[in-house]
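Let's take a walk through this protein together, starting with how its parts meet and then looking at some details. Keep the structure in view as you read.

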Amino acid sequence: MSAPRSIPISRPSFSDEEWQAVRETLESGWIIQGPRVKAFEEAFARRHRVQHAVAASSGTTALHLALQALDVGPGDEVIVPAFTWVATANAVLYAGATPVFVDVCEGTYNIDCAQIPAALNSRTRAVIPVHLFGLCADMRSLGSVVPAEVRVIEDAACAAGAACHGTPAGAQGHVACFSFHPRKSITTGEGGMILTADPAVARRIRQLRNHGLREAEPGALPPPRTQLAEVDVLGFNYRLTDVQAAIGLVQLAKLDQFIVERAEWACWYARELADIPWLRMPDRPDHYDHAWQSFVVVVAEDAPLLRDDLMARLQEKGIATRPGTHAIPELAYYRARFGFRRDQFPVASRLLARSMAIPLHNRMTPDDYRYVVEALHAF
Ligand SMILES: *Cc1c(COP(=O)(O)O)cnc(C)c1O
């Protein structure tokens with residue numbers, strides 16, 4: 001019998017470098033948003049080949065800032081996939097707009113673009129395609145069904161470093177939002193980033209992030225020290241700290257290597273688990289650089305045991321798993337507020353009941369991966 005193991009669903013991968021970076025930041029005496037946030041923004045923008053980056057305190061506040069900066073508000077509708085983390089739709093509600101859900105595709109878990117036209121109307125201001133689990137949404141199909149005046153906000157929370165047809169996640173819509181929560185590809189604890197090619201939107205987001213304080217026009221003299229900056233818009237405190245950005249800079253330098261490792265093990269999982277007929281592997285479409293934030297399988301109806309029982313049995317063996325993510329219209333708050341029926345988004349409902357993330361992260365050893373595959377074969 002193998003030794004008892006404990007394989008978490010995810011675990012951040014830090015080394016001495018993050019430790020040193022935090023130490024230097026603390027010793028510098030400057031810990032809030034400052035030079036390290038700026039450097040992190042610039043490096044993140046370069047890596048994703050987008051002109052402007054603005055750091056935020058989380059992926060959720062990044063989404064809220066993006067919607068506010070695009071003037072999405074009361075009376076507006078925003079199209080959101082039905083299967084995604086709750087924050088995608090919550091941010092729409094923070095902005096005072098109404099989320100309109102569209103079901104997702106069975107194999108990619110991403111928004112089903114063929115169903116978008118039926119959700120569009122004159123109130124549609126934006127659509128938020130989610131690059132779920134690190135796989136870019138089908139942005140070409142999306143572009144062909146969404147009218148030009150509708151803003152596209154990528155929820156790239158899971159997709160740092162991903163790409164589609166050579167275009168990085170974050171460079172495919174008007175604005176894109178990333179997360180650095182510890183379950184994501186790289187982490188700063190809490191943290192987020194917004195990318196946009198539009199300088200006016202970037203400026204607006206910077207102002208909204210910092211209490212609505214007006215920033216000096218580019219090239220203008222700074223305001224005299226006797227005056228506080230003017231506030232002409234309702235803003236927020238959604239800043240990232242320099243301590244977090246110091247960690248983020250080190251993590252960002254490791255992003256590509258993290259993805260290479262995870263992609264290798266994702267391929268290995270797909271190969272080693274292919275002979276289990278009741279376990280459906282995630283799609284790996286051609287021309288997509290999957291970032292493999294999570295490896296999510298679907299437990300078929302004819303499986304020897306129900307998904308939840310399988311998860312419990314795996315936990316007994318020390319293997320952590322999680323349901324893929326939320327079917328938002330089935331959450332109590334959304335049902336109560338919008339009166340969704342249980343069967344309105346059948347694919348999202350099925351994935352809620354049958355999807356299962358298995359461990360895939362940069363702290364796993366080859367033995368860990370073999371152990372997971374053996375455990376699944378034992379059923
Ligand atoms: C994690 C996540 C978010 C929220 O990011 P936080 O940094 O945790 O606020 C939003 N959308 C998706 C798809 C996510 O996975």
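Domain 1 and domain 2 bury about 3,500 Å² between them, with 61% of it on carbon and sulfur atoms. On the domain 1 side, Phe83, Glu106 and Phe133 lose the most area to domain 2, and together they make up 20% of what that side buries. Keep in mind that this is a predicted model. To find the two parts in your view, look for residues 16-252 as domain 1 and residues 255-377 as domain 2, as the domain assignment gives them. Their C-alpha centres are 25 Å apart, and 40 residues of domain 1 touch 42 residues of domain 2.

What about charges across that boundary? The count between the two domains is two salt bridges. Take a look at arginine 47 and aspartate 256, which form a salt bridge with their closest N and O atoms 2.8 Å apart.

Now for salt bridges in the model more broadly, where the count comes to 18. Glutamate 18 and lysine 254 are one such pair, meeting at 2.8 Å, N to O. This pair links distant parts of the chain, since glutamate 18 sits in helix H1 and lysine 254 in helix H7, 236 residues apart. Are these two buried or exposed? Both glutamate 18 and lysine 254 turn out to be buried.

Another pair is arginine 125 with aspartate 76, whose closest N and O atoms are 3.5 Å apart. Here arginine 125 belongs to strand S4 (residues 124-127), while aspartate 76 is in the loop between H3 and S2, 49 residues away along the chain. Aspartate 76 has 13% relative accessibility, so it counts as buried, whereas arginine 125, with a relative accessible area of 27%, is partly exposed.

Next come glutamate 77 and arginine 123, a salt bridge with the closest N and O atoms 3.1 Å apart. Because glutamate 77 lies in strand S2 and arginine 123 in the loop between S3 and S4, the pair ties together parts that are 46 residues apart in sequence. Glutamate 77 counts as buried because its relative accessibility is 12%, while arginine 123 is partly exposed at 43%. Elsewhere, Arg5, Asp367, Asp368 and Arg370 are linked in a network of salt bridges.

Let's turn to a couple of helices. Helix H4 (residues 87-94) is mostly covered, with seven of its eight residues buried. What do those buried residues pack against? Their partners are helix H3 (59-69), strand S2 (77-81), strand S3 (98-102), strand S5 (151-155) and helix H9 (332-338). Just after H4, glycine 96 takes a positive phi of about 90°.

In helix H10 (residues 346-354), you'll find Val347, Ala348, Ser349 and Leu351 buried. The cover over the buried residues of H10 includes strand S12 (295-299), helix H8 (307-316) and strand S13 (355-358).

Finally, let's visit the surface. Leu26, Trp30, Ile31 and Ile32 make a nonpolar surface patch of about 400 Å². Tryptophan 30 is in the loop between helix H1 (16-28) and helix H2 (35-47), and its 43% relative accessibility is why it counts as partly exposed. Proline 223 is in a loop too, the one between helix H6 (199-209) and helix H7 (242-272). With 46% relative accessibility, proline 223 counts as partly exposed.

Definitions and conventions. Residues numbered from 1 in each chain as written. Predicted model: local features only at pLDDT ≥ 70, side-chain atom pairs only at ≥ 80, totals over all residues. Heavy atoms only, no water. Buried < 20%, exposed > 50% of the residue type's maximum accessible area, 1.4 Å probe, protein only. Helix = DSSP H or I, 4+ residues; strand = E, 2+ residues; numbered from the N terminus. Contact = heavy atoms within 4.5 Å. Patch = residues over 30% accessible without salt bridge, like charges linked within 9 Å, V, L, I, M, F, W, Y side chains within 5 Å. Areas by Shrake-Rupley, 256 points an atom, 1.4 Å probe, with all protein chains shown as cover. Salt bridge = Lys/Arg side-chain N within 4 Å of Asp/Glu carboxyl O. Domains from an automatic or database assignment. Buried area = accessible area lost by both parts, 1.4 Å probe.
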